[in-house]
Amino acid sequence: MFGINGWEFGIILVVAVIVIGPERLPRYAEQLGAFVRTARGFLKDAKERVDDELGDQVGDVDWSKLDPRQYDPRRIVREALLDDDVLGTSARPRAAGPVPPPPSPSGGSAVELPVPGRRAPFDDEAT
């Protein structure tokens, strides 16, 4: 309730009893109860009005589809990329054998593979 745990609520009640005093506490508790009852009445009336205005249509809405937490961009991209491969209609043809390495920037056909413990090659002209 409002980010307050049980201990904090208890401390607030004790401070309220001390500040308000035992003489005025019953009157304030009665006023708080009346306020809560009127607030519940207002909320109940508002809910009934919304139900009357929307009618049977409000029951047909699937609210879980409108939950913004389901829209994870990583999942959406993953599903969009996997749709083509799952259906077998990928835009690029699949190779029958092993895929040859791409040509190196120096023009040769050999590609340097990274070796553990050695720094990656750096290209001064790339930046």
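Tutor: Accessible areas here come from the Shrake-Rupley method with a 1.4 Å probe, and for residues only the protein chains shown count as cover. The model is predicted, with local features needing pLDDT of at least 70 and side-chain atom pairs counting only at pLDDT 80 or more, while totals for chains, interfaces and linings use all residues. Residues are numbered from 1 along each chain as its sequence is written, and side-chain values use heavy atoms, leaving out hydrogens and water.

Student: Happy to start there! What area does the chain expose, and what share of it do carbon and sulfur atoms supply?

Tutor: Let's take the total before the share. The exposed area of the chain is about 12,400 Å². Of that area, the part supplied by carbon and sulfur atoms is 63%.

Student: What percentage of the residues count as buried?

Tutor: Buried means under 20% relative accessible area, exposed means over 50%, and partly exposed lies in between (1.4 Å probe, protein chains only). The chain has 127 residues, and the buried share of them is 2%.

Student: In what order do the elements of the chain run from the N terminus?

Tutor: Helices (H or I, at least four residues) and strands (E, at least two) are DSSP runs, numbered from the N terminus. The chain has four helices and zero strands. From the N terminus on, the order is therefore α-α-α-α.

Student: How many salt bridges does a search of the whole structure find?

Tutor: The criterion is a side-chain nitrogen of Lys or Arg within 4 Å of a carboxyl oxygen of Asp or Glu. Searching the whole structure with it gives a count of three.

Student: Which residue forms a salt bridge with Lys-47?

Tutor: Lys-47 is exposed, at 55% relative accessible area. Its partner is partly exposed, at 32%, and sits four residues away in helix 2 (residues 25-54), about one helical turn apart. The closest N and O atoms of the pair are 3.2 Å apart, and the partner is Asp-51.

Student: How far apart are the closest N and O atoms of Arg-75 and Glu-79?

Tutor: Both residues lie in helix 4 (residues 73-87), four residues and about one helical turn apart. Arg-75 is partly exposed at 27%, and Glu-79 is partly exposed at 40%. Their salt bridge has its closest N and O atoms at 3.1 Å.

Student: And which residue forms a salt bridge with Asp-72?

Tutor: Asp-72 is partly exposed, with a relative accessible area of 25%. Its partner counts as exposed, at 60%. The closest N and O atoms are 3.4 Å apart, and the partner is Arg-74.
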